[in-house]
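Here is a friendly walk through one protein chain, written for someone who likes to know the cut-offs behind each number. Please keep the viewer open as you read.

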Amino acid sequence: ENFPSISFGLESNHDESVTTTNNDQTSHYFLGLQWDDFGDGTFGAAIGSKEPYNESADASSMYEVFYSYNYADGITVTPLIYSKDNSGSTADETGVILKTTFSY
């Protein structure tokens with residue numbers, strides 16, 4: 001019974017100064033899941049919009065997956081993989097990060 005914690009956010013903005021009705025609202029979203037007791041560490045995944053997007057356009061999304069574990073006393077290692085969707089002729093981005101935290 002290892003249920004994840006869930007994080008969710010939704011932001012919406014209505015701009016009265018915009019004269020066209022199909023571009024007067026922007027939105028932004030985020031959804032994350034995290035399992036604190038996943039093997040010897042913490043596993044998480046998230047998806048969200050890269051930036052606020054107009055109601056008449058598709059959202060550019062971002063994704064991430066990570067696993068954080070105690071490597072030794074006071075040392076936590078977190079490998080992370082992410083991807084960002086880009087629009088137009090801009091290539092999508094994908095990357096790998098390895099974060100190490102020391103605590104004494």
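A residue is called buried when its relative accessible area is under 20%, exposed when over 50%, and partly exposed in between, with a 1.4 Å probe and protein chains only. By that rule Ser60 is buried, because its relative accessible area is 16%. Before going on, note that this is a predicted model, in which local features need pLDDT of at least 70 and side-chain atom pairs count only at pLDDT 80 or more, while totals for chains, interfaces and linings use all residues. Residues are numbered from 1 along each chain as its sequence is written, and side-chain values use heavy atoms, with hydrogens and water left out.

**The chain as a whole**

Seven strands and zero helices make up the secondary structure of the protein chain; helices (H or I, at least four residues) and strands (E, at least two) are DSSP runs, numbered from the N terminus. The order of elements from the N terminus is therefore simply β-β-β-β-β-β-β. The protein chain has 104 residues, of which 18% count as buried. Its accessible surface is about 7,500 Å², with 52% belonging to carbon and sulfur atoms; such areas come from the Shrake-Rupley method with a 1.4 Å probe, and for residues only the protein chains shown count as cover. Among contacts (heavy atoms within 4.5 Å) with a separation of 6 or more, 34% are between residues 24 or more positions apart.

**How the strands pair**

Two strands pair if DSSP finds at least two bridges between them. The table gives three such pairs.

| Strands | Sense | Bridges | Facing residues |
|---|---|---|---|
| β3 and β5 | antiparallel | nine bridges | Phe43 and Tyr67 |
| β5 and β6 | antiparallel | eight bridges | Tyr69 and Val77 |
| β6 and β7 | antiparallel | 10 bridges | Ile75 and Phe102 |

Strands β5 and β6 form a hairpin with two residues between them, and Gly74 in the turn has a positive phi of about 80°. Strand β7 covers residues 93-102; one of its 10 residues is buried, so β7 lies largely in the open.

**A polar contact in strand β2**

Gln34 is found in strand β2, which spans residues 25-38, and Asp36 is found in strand β2 too. In a regular strand the side chains alternate between the two faces of the sheet. The side chains of Gln34 and Asp36 are joined by a polar contact of 2.8 Å. A polar contact is a pair of N or O atoms within 3.5 Å; within protein, one must be able to donate a hydrogen and the other to accept it, and residues adjacent in sequence count only if both atoms are side-chain atoms.

Are these two residues shielded or open? Gln34 counts as partly exposed because its relative accessibility is 30%, and Asp36 counts as partly exposed at 44%. Leaving aside neighbours within four places in sequence, Gln34 is in contact with Pro4, Ser5, Thr42, Phe43, Gly44 and Phe66. With those neighbours again left aside, Asp36 is in contact with Gly41 and Thr42. Gln34 and Ala45 are 11 residues apart in sequence, with 6.6 Å between their C-alpha atoms. For Asp36 and Phe3, 33 residues apart along the chain, the C-alpha separation is 8.9 Å.

**The largest pocket**

Which residues line the largest pocket? They are His28, Tyr29, Phe30, Ala46, Ile47, Gly48, Ser49, Met62, Tyr63, Glu64, Tyr82 and Lys84. The elements giving two or more residues to this lining are β2, β3 (41-49), β5 (61-72) and β6. The largest share, four residues, comes from β3. The volume of the largest pocket is about 160 Å³.

On a 1 Å grid over the protein atoms alone, a pocket is an open set of points where a 1.4 Å probe fits, with protein on both sides within 12 Å along at least five of seven lines; lining residues have an atom within 4 Å of a point. Grid points are joined across faces, edges and corners, and the volume is the space filled by probe spheres set on the points.

Of the lining residues, His28 is found in strand β2 and counts as partly exposed, because its relative accessibility is 25%. His28 and Lys50 are 22 residues apart in sequence and 8.0 Å apart in space, C-alpha to C-alpha.

**Back to Ser60**

Ser60 is found in the loop between β4 (53-54) and β5. Not counting residues up to four places away in sequence, Ser60 touches Gly48, Ser49, Lys50, Glu51, Asp85 and Ser87.
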